Structure formats: structure tokens, C-alpha cells
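This report goes through selected features of one protein chain, from a single cysteine out to cores, ring pairs and loops. The sequence and structure come before the discussion.

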Amino acid sequence: MWAASCLASCCAACACDACRTVVSSISRRSARIAYCGLFALSLIVSWILREVAAPLLEKIPWISQFNETHNREWFETDAVLRVSLGNFLFFTILSVMMVGVKNQKDPRDSLHHGGWMMKVICWCLLVIFMFFVPNEIVSFYETISKFGSGFFLLVQVVLLLDFVHGWNDKWVGYDEKFWYVALFVVSLVCYLATFVFSGLLFHWFTPSGQDCGLNTFFIVMTLMCVFGFLIVALHPSVSGSILPASVISMYCTYLCYSALASEPRDYECNGLHKHSKAVSTGTLTFGLLATVLSVVYSAVRAGSSTTLLSPPSSPRSGAGKPLLPLDKVDEHEEKEKSKPVSYSYSFFHIIFSLASMYSAMLLTGWSASVGESGKLVDVGWPSVWVRMVTSWATAGLYIWSLLAPILFPEREF
């Protein structure tokens with residue numbers, strides 16, 4: 001017994017030292033990666049609790065006391081929402097604390113990049129505390145999460161548009177034959193992939209002998225958007241380009257596929273998955289990993305965006321140098337401290353807050369009862385409609401980005 005106690009103490013001490021070493025090794029450059037790691041950890045915890053926490057939640061009085069009887073799926077959803085709520089509050093609090101940070105001389109800059117042991121402890125306490133709040137608060141968070149998820153998807157679309165337009169401007173700016181050829185080749189490949197993929201969608205999701213009018217409508221609408229992009233972009237009055245049109249076309253086709261693939265497994269028009277009703281651990285793991293990578297990439301991309309997040313004083317937004325030089329003694333140190341921040345810390349954390357809502361909706365099937373599909377990640381009719389609405393919003397925003405300079409020539413876009 002004494003030996004076991006000593007061994008446990010040694011293991012605990014080693015674990016604490018390991019955590020302290022990892023936390024202390026997080027530098028300014030790796031802070032965003034650390035935030036992404038913490039966010040990914042929240043998704044893993046949510047997934048694990050979704051699978052194992054239902055019997056425990058059924059025994060907690062303030063969670064299990066309600067007028068009507070709930071099934072096991074309700075408790076699984078509740079566990080995910082409570083972890084998500086803790087994660088949402090953590091990043092929202094950080095976002096509020098970072099409002100107005102303009103340069104590295106601000107003490108809050110050190111808080112954003114350091115203090116990781118304290119932040120990890122606060123994150124754990126917030127998540128644990130969420131299991132003591134009343135059901136009404138969790139229900140309210142569930143409602144607003146659907147709207148927050150919509151905002152997150154909108155941010156994803158804006159980031160994509162910003163990326164493709166910047167990509168096109170960079171290659172055209174070289175003004176060389178090689179880059180024009182490269183632009184044409186990439187555009188051609190994107191269009192070929194779009195039309196081949198569209199044909200596969202008809203093959204997979206409109207099987208013969210079934211009334212699949214809804215799926216046909218989704219695919220045809222997507223193809224109409226693809227042709228619309230090309231017509232508007234190549235119109236003489238529009239200063240468009242074929243590269244952004246091809247990339248957005250391929251992305252909208254992917255969203256259409258993602259929507260159709262999210263249809264319930266027992267739906268007769270889901271020919272891709274109708275024979276795969278059994279769900280393996282590997283399939284669940286892959287689905288969760290794809291979700292984590294997608295959400296984390298969006299947050300990192302948002303944190304690096306020069307258009308959305310860079311403050312006016314940021315070097316990325318073209319701020320000038322100071323007019324008067326500093327004293328030579330402290331010149332280097334003062335310059336380091338007074339450097340403007342390269343992105344908005346507050347908006348960076350807001351992206352993670354919205355991503356927390358979005359990931360909770362994915363893991364709970366948008367909080368809808370979807371039967372056996374609830375065992376999967378991002379499967380169910382709510383997911384289908386969210387994907388399709390996102391595709392149509394992407395199409396609308398892209399067309400607007402082309403027409404807005406013509407409709408409002410006096411404004412800068």
C-alpha cells in the first residue's frame with residue numbers, strides 16, 4: 001500500500017512537471033496553435049462524454065429532474081452542449097478581455113500569448129462548472145447555438161472569398177505568361193472536377209426507381225449557380241476572373257455533396273450510404289477528425305486574415321513607421337514592445353466561440369432527434385439544409401462581390 005502510494009505520487013508529480021514543461025514551451029508564435037489544440041481537446045471531450053456520460057447524467061438530480069421522460073439520446077446531447085457551453089464562455093471571456101489591444105506594449109498581449117497553466121485550469125473549471133447549471137440555461141444555449149453556427153458558416157464563406165480573390169490578384173499581378181497559363185490550368189481543373197463530381201452526385205443520390213425530386217433540385221440548383229458564376233465573371237462590364245469563379249463553383253459542388261451525404265442512412269435516395277447502417281469506431285473517428293480539422297482551419301485562417309482581422313495600426317494593413325526616432329539606449333527594446341499586433345485578438349477568440357457552437361451542432365445532429373443517424377457526426381435533415389443554405393449564401397456573396405463595385409462605384413470594396 002505504501003509503495004503504491006509513493007508510485008502514485010511520483011506519477012502525479014511527473015505528470016505535473018510534463019504539463020508545466022509543455023505549457024512553458026508555448027511561445028508567441030505557437031500561441032494560436034495552442035488555442036487550436038485546446039479547442040480540439042474540447043471536441044474530443046465532447047465526443048467521449050457523448051458516448052459514455054449518459055448513465056452518469058441520469059443520476060444527477062438537477063439534470064434528470066423534468067416533467068417528461070427523456071431518452072438516452074437527450075442525455076448524450078446534453079453532455080455535448082454543456083462542454084460546448086464551457087468552451088464558448090472561455091473564449092468569449094478572452095475575447096472581451098482582448099478588446100482594444102493594438103500593440104504588444106499592452107499588458108493583455110502577454111496574457112494572450114502566455115499564462116497557459118492558468119488558462120488551462122480556468123478552462124477545466126468552466127467545463128466542470130457547466131455540469132452544475134440548470135437545464136434552462138443549457139436549453140437557451142442550444143437555441144442560440146443554431147444562430148451562432150450560422151454566423152460561423154458565414155465567416156467561412158467570407159474567408160474563402162477573401163482567399164480566392166487574393167490568390168487571383170497575386171497571380172495576375174505577376175503579369176507574366178507563365179502565371180496566366182497556370183491560372184487557366186487551375187481553373188480548367190476546377191471546372192472539370194466540378195462537372196465530374198456533379199455527374200457522380202446524380203449517380204449516387206438519384207437512384208433509378210426512387211422519387212428523388214429534392215436531391216435533383218439541389219444538384220440542378222448547384223449547376224445553375226456554376227453556370228451563373230461563369231457568365232457574370234466573364235461579362236465585359238464585370239471585372240471578374242475565371243479562377244475565383246472556378247474555385248467557388250467547386251466549393252459549392254462540395255457543399256452540395258456534403259449536404260446530400262448528410263441525409264439519414266435509411267433515406268432511399270441516399271445511395272452512397274444506404275447499405276452502411278452499421279457504424280464502426282473507425283468511421284466515427286474519421287468523421288470527428290474531419291470536423292476538428294475543418295473547424296480549426298477556419299479559426300486559424302480567420303486569425304491570419306488581413307482583410308477581416310488586422311487592426312488599422314497592424315503592419316499587415318500598411319501602417320507607416322513612427323515619425324520621431326527613440327533614444328538609442330532603449331530603441332530596440334521599445335520598438336519590440338510597441339510593435340502593433342498583427343491580428344485582432346478579440347475577433348480571433350470570437351471565431352473560436354462561434355466554432356464551439358458549430359461543433360456542438362455537428363456532434364448533436366443540430367440537436368434534432370434523428371434516430372440511428374444520431375450516432376454519426378453531422379448526419380440528419382437539419383445538417384442537409386444548413387449545408388445547402390450555406391451553398392446558396394456562398395453563391396450570393398460571390399455574385400455580390402462581382403456586382404457591388406458596379407452598383408456602387410463611389411464606394412471602395
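## Cys36 and helix H2

Cys36 has a relative accessibility of 7%, so the residue counts as buried. The model is a predicted one. Cys36 is one of the buried residues of H2, among them also Ala31, Ala34, Tyr35, Leu38, Phe39 and Ala40. Further along H2, Ser42, Leu43, Ser46, Trp47 and Arg50 are buried too. In an α-helix there are 3.6 residues to a turn, so residues three or four places apart point the same way. Helix H2 covers residues 31–52, which makes 22 residues. From first C-alpha to last, H2 reaches 32 Å, close to the 32 Å expected at 1.5 Å a residue.

## Nonpolar cores

Tyr35 of H2 is buried, and Tyr35 is also listed with Phe90 and Phe352 as having the most contacts inside the largest nonpolar core. That core has 45 residues. Two or more residues come from each of H2, helix H5 (72–97), helix H7 (116–129), helix H8 (135–174) and helix H14 (345–363). H14 contributes the most, with 12 residues. There is also a second, separate core of 23 residues, which includes Cys190, Cys225, Ala395 and Leu402.

Leu153 lies in helix H8. Its relative accessibility is 6%, so Leu153 counts as buried. The C-alpha atoms of Leu153 and Val386 are separated by 9.1 Å, although these residues are 233 residues apart along the chain.

## Aromatic rings

The three residues named for contacts in the largest core, Tyr35, Phe90 and Phe352, recur in one aromatic cluster with Phe39, Phe91, Trp116 and Phe348. Trp116 has a charged neighbour: Lys119 lies over the face of Trp116, at 4.0 Å from the ring centre.

The count of aromatic pairs comes to 28. One of them joins Phe195 and Phe227, with ring centres 5.7 Å apart. Their planes stand at 40°, so this pair is tilted; the tilted class lies between stacked, under 30 degrees, and edge-to-face, over 60. Phe195 lies in helix H9 (residues 177–205) and Phe227 in helix H10 (residues 213–233), so the pair ties together parts that are 32 residues apart in sequence. Both rings belong to partly exposed residues: Phe195 has a relative accessible area of 37%, and Phe227 has 45%.

A further pair is formed by Phe229 and Tyr398, whose ring centres are 5.2 Å apart. Here the planes are at 80°, so the pair is edge-to-face. Phe229 lies in helix H10 and Tyr398 in helix H15 (residues 381–407), so the contact ties together parts that are 169 residues apart in sequence. Phe229 and Tyr398 are both buried.

The two ring pairs are set out below.

| Ring pair | Centre distance | Plane angle | Class |
|---|---|---|---|
| Phe195 and Phe227 | 5.7 Å | 40° | tilted |
| Phe229 and Tyr398 | 5.2 Å | 80° | edge-to-face |

## Cysteines and loops

Which cysteines form a disulfide? The count of disulfides comes to 1. Cys212 and Cys269 form the bond, with their sulfur atoms 1.9 Å apart. The angle about the S-S bond is -95°, and the link is left-handed. Cys212 sits in the loop between H9 and H10, and Cys269 in the loop between helix H11 (242–261) and helix H12 (281–304). The disulfide thus links distant parts of the chain, 57 residues apart. Cys212, at 5% relative accessibility, counts as buried, and Cys269 is buried with a relative accessible area of 0%.

Why does Cys256 not bond to Cys252? The sulfur of Cys256 is 9.4 Å from that of Cys252, the closest cysteine sulfur, which is too far for a bond; the cut-off for a disulfide is 2.5 Å. Cys256 is buried, with a relative accessible area of 0%.

The loop between H11 and H12 also holds Ser262. At 4% relative accessibility, Ser262 counts as buried. A polar atom of the Ser262 side chain lies 2.8 Å from the backbone oxygen of Ser258.

Asp175 is found in another loop, between H8 and H9. Asp175 has a positive phi of about 50° although it is not a glycine. Is Asp175 buried or exposed? At 58% relative accessibility, Asp175 counts as exposed.

Definitions and conventions: Residues numbered from 1 in each chain as written. Predicted model: local features only at pLDDT ≥ 70, side-chain atom pairs only at ≥ 80, totals over all residues. Heavy atoms only, no water. Helix = DSSP H or I, 4+ residues; strand = E, 2+ residues; numbered from the N terminus. Expected span 1.5 Å × (residues − 1). Buried < 20%, exposed > 50% of the residue type's maximum accessible area, 1.4 Å probe, protein only. Phe/Tyr/Trp six-rings, centres within 6.5 Å; stacked < 30°, edge-to-face > 60°. Lys NZ or Arg CZ within 6 Å of the ring centre and 35° of its normal. Core = buried A, V, L, I, M, F, W, Y, C linked by side-chain atoms within 4.5 Å. Polar contact = N/O pair within 3.5 Å; in protein donor to acceptor, adjacent residues only side chain to side chain.
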